[in-house]
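Colleague: Got a minute to go through this one with me? Let's have it on screen before we start.

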Protein chains: 2
Amino acid sequence: MKRTLTTDINRQIGKEITLYGWIHKLRKLGGISFIVLRDRAGLAQAVIDGARENDKLKELTTETVVKITGKVVKEERAPYGAELHDAKIEVLSPVKEDIPIAINKKEINVNLDTLLDNRPITLRSPKQRAIFKVQAEIVDEFRKFLTQEGFTEINSPSIVSSGLETGGAEMFEVKYFKQKAFLSQSPQMYKQILVGVYERVFETAYMYRAEKHSTSRHLNEYMSLDLEMGFINSWEDIMDLEEKYLNVLIEKLGKNCTEQFEMLGIDLPQMSKRIPRMKLIEAQEILEKEYREKCLGAPDLDPKQERQICEYAAKKHGSEFVFITHYPSKKRPFYTYDDPDNPKETLSFDLLFRGQEVTTGGQRLHIYEDYIKKMKDRGMDPKNFEDYLSAFRYGMPPHGGLAIGLERLTARLLNLDNIREASLFPRDINRLRP
Amino acid sequence: MKRTLTTDINRQIGKEITLYGWIHKLRKLGGISFIVLRDRAGLAQAVIDGARENDKLKELTTETVVKITGKVVKEERAPYGAELHDAKIEVLSPVKEDIPIAINKKEINVNLDTLLDNRPITLRSPKQRAIFKVQAEIVDEFRKFLTQEGFTEINSPSIVSSGLETGGAEMFEVKYFKQKAFLSQSPQMYKQILVGVYERVFETAYMYRAEKHSTSRHLNEYMSLDLEMGFINSWEDIMDLEEKYLNVLIEKLGKNCTEQFEMLGIDLPQMSKRIPRMKLIEAQEILEKEYREKCLGAPDLDPKQERQICEYAAKKHGSEFVFITHYPSKKRPFYTYDDPDNPKETLSFDLLFRGQEVTTGGQRLHIYEDYIKKMKDRGMDPKNFEDYLSAFRYGMPPHGGLAIGLERLTARLLNLDNIREASLFPRDINRLRP
């Protein structure tokens, strides 16, 4: 008989159907038993009556993989409003010992290390699995949206001979045959080169940072949603694009992930069509005035100030997202475009969301001579960047781009305490498995 | 004025429009000049008349980034059947020196090393860029197709403590803080674990093989299109799925990439709805009979035999794809499912396409005890695989999966001589840049 998914059973009332999945819960009450079955779509309840079928359950424990056939009966209290009666059960994969962590309770009551150490088990908990269903949707919409906007997907190498940003500092070293290589910390060089080919490119890939700190906001291997766009009219085009993506995304999540948001007890973020934008210096003025923070002129906001300015934006502008712009030139990478009106500031931005930076972006230099000048100012040798510079030597349009930290965005969207909860198999200074 | 893309100009006959892009070709004939402009979409011709505009062209060279405004006139001989007249030109990014490699000829006449060493330039050639437009379509359709089939996208770590397949041999070593780690050579362990969570999962990510050979068919960093599917009824479900994907893909390419295939002078592959399937031993019998190859009983086909059996399948079955099945157990990884009818053979397959293997797949073991037995038979210590095994300890459905080598598939589809041509920035034993 054809397989039915748990989420579809209420369309089969009165019919005999077959479900496949895991025994999520098992309750034996003398001559009658109740099974909650879990499949990839959701949960469904089956009622097992009669001695013969109940005998089969004697040896069974949760997580046993089974096939259940039965008649669908309307039942308001069951998931999706229906349950299986007169169910017959067939074991596909037996389980010999009890699962050491209860994954069938509303909350999985373990600490973070236990949660992560036992990912092959703990991810089976409906709440845990909901997180990565939402995450998959974020990535899917990023690609769909950009493809519609004329972007081309690219793959840049992860094994590189040096870094654009730090030239090897804070990069993981790879033994590459007889050479020393590194794991890429950003596709920056490649995506800019490819603006010269496709104008608009994006990439969704792991990036690597060998930072030694272990905080709730950093991963050493993280998924970067990168884009770069040529022929911009203004650096604000990049922010406009992200704004448009986020609006489309939130709408999509409201449609496709209602169940996940409900299960996680989360509301969709408060969002305005236009995300408020303020210069760093303006943000600092607000922080001084509203929060008595002494920060005017500092090169960046600290974590506390990031939370405060987000709180302010939500209250004042009805948006949990806020763009902070015009970071000082000396704090941004050499390829950043300085503001012609004030060369100490840059045409760059961070996007803050619920108290954390989730995106960095801005306009880049596009004229060859500007690169040479900036590199010399910073004591960098252009000879070390020949591949990169060759793109600019032969004509590059005005362009800019951004990088979204996927786990950051997921964690803030779902109010997860620690960024590790937004990675299926996180890597940090102490964690190299599973 | 709003930007028009080159491919859209024939819908604007009689109107004044603005194009942005690179000067692809420039021909000056006294008082009149012809510019072929290249943008992300294609090429368009503009006619520059009058002394003032032609004066501006004096200093210009190809690859200069420009804005061109003019009136669209029907012209059968121009690309897309129209060209710009009375064009006015504005330079956005000047180019001071001539590009060292001509990228505006029909063929880019350089050897492979020069082609790859100068990727920032050579990728601008329309033919080169067409390759990766097709490649992006292959990946996009893989994800779209599987999402529709109920699959969930996953991200497995690239930095791992050991390998499932070879336990460290042929893996790149990473200095991970104070620990020794490796770059992942396959997401096998993770995708199987996640069958326990999502039933059906896929991943598109780089994988790494530290193989020392330098052939036209191998890359050390390659893009793997991976999937794994639970609750299969038969191991043939996996082949059915790939067959369906390839049929959808080829149809899609026929619609979306006509221009690219024309430019590259390639036909879509010959394909039947059902891809022929034959056991390795049957393929060997055919090779002996038809090609006088002495290969009966060998554990695999060699490259020449792969070409021959593909030729045979095309001639005999009208399909340039052919599945070879039932590889010997001792030649396949420990997690492969042995054929119950003949345990020396496995329920596994390779997909050959135009003479090369582009996919490996099959059913996997799903019963915990079967893993323990297989590991012991092979002298492996189950203790080293605790994370992996914990998934099987607590219930896993019958499942199988496959991995497609993206660059292999692209190279065969487009008849590229060397797999490196199907990677934007390939990595091999000698190549670590650009």
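**Strands first, then the contact**

Modeller: Sure. In chain B, strand E1 (residues 16-29) runs antiparallel to strand E4 (residues 65-74), joined by 7 bridges. Bear in mind that this is a predicted model.

Colleague: Which residue is the bridge partner of Trp22(B) in E4(B)?

Modeller: Val65(B) is the one paired with Trp22(B) there.

Colleague: And how many bridges join E1(B) to E2(B)?

Modeller: 7 bridges, with E1(B) and strand E2 (residues 32-38) of chain B running antiparallel. Within that pairing, Lys25(B) has Val36(B) as its bridge partner in E2(B). The hairpin of E1(B) and E2(B) has 2 residues between the strands, and Gly30(B) takes a positive phi near 65° in it.

Colleague: OK, switching to the contact. How many residues does each chain put in?

Modeller: 70 residues from chain A and 70 residues from chain B. On the chain A side, the largest share is 6 residues from helix H4 (residues 126-148). That side splits into 38 nonpolar, 14 polar and 18 charged residues.

Colleague: Which strands pair between the chains?

Modeller: E8 of chain A and E8 of chain B, residues 173-176 in each, pair antiparallel over 3 bridges. Val174(A) stands opposite Val174(B) there.

Colleague: How are the copies related?

Modeller: A turn of 180° with a shift of 0.0 Å along the axis lays chain A on chain B at an RMSD of 0.0 Å. So they're related as by a two-fold rotation axis. The same surface serves both copies, with 100% of chain A's contact residues recurring in chain B.

Colleague: Which residue of chain A comes closest to the rotation axis?

Modeller: Val174(A), with its C-alpha at 2.3 Å.

Methods
Residues are numbered from 1 along each chain as its sequence is written. Chains are lettered from A and ligands numbered from 1 in the order in which they are written. This is a predicted model: local features need pLDDT of at least 70, side-chain atom pairs count only at pLDDT 80 or more; totals for chains, interfaces and linings use all residues. Two residues are in contact if their C-beta atoms, placed from the backbone, lie within 7 Å. Helices (H or I, at least four residues) and strands (E, at least two) are DSSP runs, numbered from the N terminus. Ala, Val, Leu, Ile, Met, Phe, Trp, Tyr, Cys and Pro count as nonpolar, Asp, Glu, Lys and Arg as charged, and the others, Gly among them, as polar. Two strands pair if DSSP finds at least two bridges between them. Copies are superposed by least squares on the C-alpha atoms of residues with pLDDT of at least 70 in both.
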